[in-house]
Amino acid sequence: MTAPAAAGRTRRIAVEPTGLSPTAYVLRGPGELSVRFDRRIVLTCSLLVAVLIAVFLTSLAVGDFTIAPGDVVRTLFGNPPDPLADFIVNGRRLPRVLVAFLVGGALGASGAVFQSLSRNPLGSPDVIGFTSGASAGAVFVILVTGGSMAQVAGGAVAGGVATAIAVYLLAYKRGGQGFRLILVGIAAGAMLTSAVHYMLMRAELIQAASAQVWLTGSLNTRAWDHVIAVGIGVALVVPMLFVLSRPMRLIEMGDEAATGLGVSAERTRLGMLIAATVLAAIAVAAAGPVSFIALSAPHLARRLTGASGAAVGAAALMGAVLLGGSDLVAQWVLPTPMPVGVVTVCVGGVYLVWLLAREGRRNHV
Amino acid sequence: MSEPRLHGNDLTLAYDERVISRELSVSIPDGSFTVIVGPNACGKSTLLRALARMLKPLAGAVHLDGQLITQYSTKEAARRLGLLPQSSIAPEGITVADLVSRGRYPHQKLFRQWSTADTEAVAEAMTSTGITDLRHRRVDELSGGQRQRVWLAMVLAQQTPILLLDEPTTFLDIAHQIEVLDLCHDLHVSHGRTLVAVLHDLNHACRYATHLIAMRDGEIVAEGAPADVVDEAMVRDVFGLACRIIDDPETGTPLVIPAAKQPVVTTA
């Protein structure tokens, strides 16, 4: 053990290695307060925050009307060089990039929890049927009521949550939920996708086109009311994830091992399902079914942190970076601006192929 | 004599509709190394799972320290009783020390995640299982015997007075089986813990158990010290095996020698 002998209580706050691994530390505070952390995860998260700031400033500066970085910062601190810069930065670009970060973060965290819940690297709101349910709900609202954006969002959330509950109940049986959850989710997703196609076939051309845009996932015209709604939703789930993060890691060892260690397996799993579903619902309501972020962000985060098990915080930051970066590409790098969903599909698809090829090779060796 | 810390009364145990045991009562003597034996599908693991609160009895109740086991919070029960399940999943890439440290969960809180008592318990658990040198290795790189010792260390770090082990020697070769059983013996003798294990090998059970419970068709057919319980009639009755019993030349405990080339005697 490399842990130093307890050096008395001279300092109120101290950081000590736990000796459990070269990167495992504990932060001690007053009384018995102690919080474990991993140095590599902290470093990774700091790096991701740095990238996030770069994406943030770039998003605010770049566009049809380019604003110098110095002016962007001045505008953010309430000292704009001119009213136009104030309108463009604070009125247009800032809410859009904040929605991108919040939605990306929600998707990344949701994917990490779903992967842990299903004990499967493919577990994500996409695979588990949630996204298809949300799509079916939204398309139904668009085609039947022609609904406003808020109604479409409501339809998406209702469809997604109803699907999640149905999948959970169908998969619910003593033991072995992980794999059953995925199989039932895939089946439900396939049926709902065919329902979406059926509705699109029967729809008027214009309605079908607007449904199609929603189905791709887009951040166009996202404004401050979106930021507030998404922000409140995410803020409500974060404490829940903090409480769940420790029992969640034990559930990954199997229900019996977790119960033996004092974790209420069924209650933890239900909490995880609620948290992950709410996050996915927030994301889909705000931006439509943006694909692959929830699947790839947790993988990339784990690769960087080297963590065993879900690293929800890092996955959320990675999701924010991915969606914020993808939106930059979708708006300004492509010859014509595209919905961000087009870019995430391409990036995520390439990543998935690479991952499968790599796994395949490794299994052959 | 006061009632033992862990006992089950009139347990009816079932998986869904399939009833395994009816009105089964069992007491685990305090400070014993109790071993449950019996043929495949006799309900021995089911009984252990019920004692470990993993399986809710259809009828009857398990008592722990004078209370219904269900009256404790999951965490409180986990401070009194530890379980080594038949199979657990080691999270990908986890190190030995990290896995062992998870045994401390029932002693921790949301904002008390690592105390000096935790450091000491993990170090002690790794020392007594002989895995201190492996502490920074990844669990998925270890051999089966090493891995089983790591899981055992995790349950030891939990520091419960009662330990339940569900077939701790499965998938291990003979040397590692003996190693794990010797370790259990040490825990029982030098730490005074109460151990309950399900074992397949009757000879191992005879050598290590202080209290033997033999089961058949969901019922307890014999229980007591191995030397008092194990004889040719009992082995024929429980396992349907004709055999001779001799004294183990190492320990003097009963040693079961299966009869050669004789038809298996079916039970009456």
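The following questions and answers concern a predicted model and treat its chain contacts and its strand pairing.

Q: How many residues of chain A are in contact with chain B?
A: Contact here requires C-beta atoms, placed from the backbone, within 7 Å. On the chain B side, 33 residues meet this criterion. Their partners in chain A number 30 residues.

Q: Which class, nonpolar, polar or charged, has 5 residues on the side of chain B that touches chain A?
A: Elements that each supply at least two residues to this side of chain B include α2 (74–80), β6 (81–84), α3 (96–101) and α4 (116–128). By class, the side has 15 nonpolar and 13 polar residues. The class with 5 residues is charged.

Q: Which residue takes a positive phi in the hairpin of β1(A) and β2(A)?
A: Strands β1 (residues 14–17) and β2 (residues 24–28) of chain A pair in the antiparallel sense over 4 bridges, and P17(A) stands opposite Y25(A) in β2(A). Between the strands of this hairpin there are 6 residues. The residue with a positive phi, near 80°, is G19(A).

Q: What is the bridge partner of L64(B) in β5(B)?
A: The open sheet of chain B has 4 strands in the order β2-β1-β4-β5, with antiparallel pairing. Strand β5 (67–68) of chain B is an edge strand, pairing on one side only. Its antiparallel connection to β4 (residues 59–64) of chain B consists of 2 bridges. The partner of L64(B) is Q67(B).

Q: At what angle to β1(B) does helix α1 of chain B run?
A: Helix α1 (residues 44–51) of chain B lies across β1 (6–15), β2 and β4 of chain B. Relative to β1(B), the helix runs at about 120°.

How values were computed: Residues are numbered from 1 along each chain as its sequence is written. Chains are lettered from A and ligands numbered from 1 in the order in which they are written. This is a predicted model: local features need pLDDT of at least 70, side-chain atom pairs count only at pLDDT 80 or more; totals for chains, interfaces and linings use all residues. Two residues are in contact if their C-beta atoms, placed from the backbone, lie within 7 Å. Ala, Val, Leu, Ile, Met, Phe, Trp, Tyr, Cys and Pro count as nonpolar, Asp, Glu, Lys and Arg as charged, and the others, Gly among them, as polar. Two strands pair if DSSP finds at least two bridges between them. Axes are lines fitted to C-alpha atoms, for helices over the stretch in contact, and angles run from 0 to 180 degrees between N-to-C directions.
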